[in-house]
Amino acid sequence: RSCQGCCLKRCPDKLLKILAVLLVVAALYTTCYVTTGSFSKPGGPIFSLFLLVFLALAAGQLLKIVRIPPMLGMLLVGIALSNIPKVKEWTVLDDQISSDLKTIALMVILMKGGLSLDIMEIKRVGFAVIRLAFLPCFVEATVFAIMSVLLL
């Protein structure tokens with residue numbers, strides 16, 4: 001039976017899938033808690049990472065249902081977790097770890113964007129792609145060069 005276009009009331013398969021995912025998440029957190037102890041308690045770094053990843057993936061899936069890119073949901077969760085004061089008490093990450101995670105997230109976003117490009121569409125658009133890719137960088141570098149000579 002296909003589950004496309006139906007709601008959770010008429011489709012127990014989706015409900016069972018959600019339940020299975022929640023059980024896997026609970027098993028993963030329990031494993032982390034048993035192996036690392038206090039690092040996995042609320043306020044610890046592993047709990048912070050676990051909460052961030054779980055909420056980001058959940059928000060991504062919720063937005064995917066309404067046909068909005070899941071990456072937007074993940075970004076919104078990251079922004080919300082960093083700006084809600086009560087949540088900041090539970091999520092404590094070292095600045096170096098946070099910086100590394102942001103760099104990795106940016107690399108993943110750029111790789112996903114790059115892998116989703118259609119080479120035939122780029123060939124069809126042609127010179128506009130080259131202008132959009134190189135012109136802003138060239139103008140910025142030129143302005144900096146000129147301003148540095150004038151100001152320094």
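How many helices and strands does the protein have? In this predicted model, the count comes out at seven helices and zero strands. Reading from the N terminus, the run of elements is simply α-α-α-α-α-α-α. The whole thing is more spread out than a compact globule, because its radius of gyration is 22 Å, well over the 15 Å that the globule rule gives for 152 residues. Along the principal axes, the C-alpha trace covers about 60 × 45 × 25 Å.

The overall numbers fill in that picture. Just 12% of the 152 residues count as buried. The accessible surface adds up to about 12300 Å², and carbon and sulfur atoms hold 74% of it. As for contacts with a separation of 6 or more, 36% of them join residues that sit 24 or more positions apart. On the charge side, there are 15 positive and 8 negative charges, and the mean positions of the two sets lie 13 Å apart.

Helix α2 is worth a walk along its length. This helix takes in residues 45-65, and its 21 residues should span 30 Å at 1.5 Å a residue; the end C-alpha atoms turn out to be 31 Å apart, so expectation and model agree. Which residues of α2 are buried? They are Phe47, Ser48, Leu51, Ala56, Ala59, Gly60 and Leu63.

After α2 comes Arg67, a residue with a positive phi. Arg67 sits in the loop between α2 and α3, the latter being residues 70-83. The phi of Arg67 is near 60°, and this positive value occurs in a residue other than glycine. Is Arg67 buried or exposed? With a relative accessibility of 77%, Arg67 counts as exposed, since the cut-off for that class is over 50%.

Further along the chain, Leu101 belongs to helix α5, which is made up of residues 95-115. Leu101 has a relative accessibility of 32%, so it goes down as partly exposed, falling between the 20% and 50% limits. Leaving out residues up to four places away in sequence, Leu101 touches Leu49 and Leu93. Leu49 falls within the 45-65 stretch of α2, so the contact with Leu101 links that helix to α5. Thr31 is 70 residues from Leu101 along the chain, and the C-alpha atoms of this pair are separated by 22 Å.

Technical notes:
Residues numbered from 1 in each chain as written. Predicted model: local features only at pLDDT ≥ 70, side-chain atom pairs only at ≥ 80, totals over all residues. Heavy atoms only, no water. Helix = DSSP H or I, 4+ residues; strand = E, 2+ residues; numbered from the N terminus. Expected span 1.5 Å × (residues − 1). Buried < 20%, exposed > 50% of the residue type's maximum accessible area, 1.4 Å probe, protein only. Rg over C-alpha atoms; globule rule 2.2 N^0.38 Å. Contact = heavy atoms within 4.5 Å. Areas by Shrake-Rupley, 256 points an atom, 1.4 Å probe, with all protein chains shown as cover. Lys, Arg positive; Asp, Glu negative; His and termini not counted. Charge placed at Lys NZ, Arg CZ, Asp CG, Glu CD.
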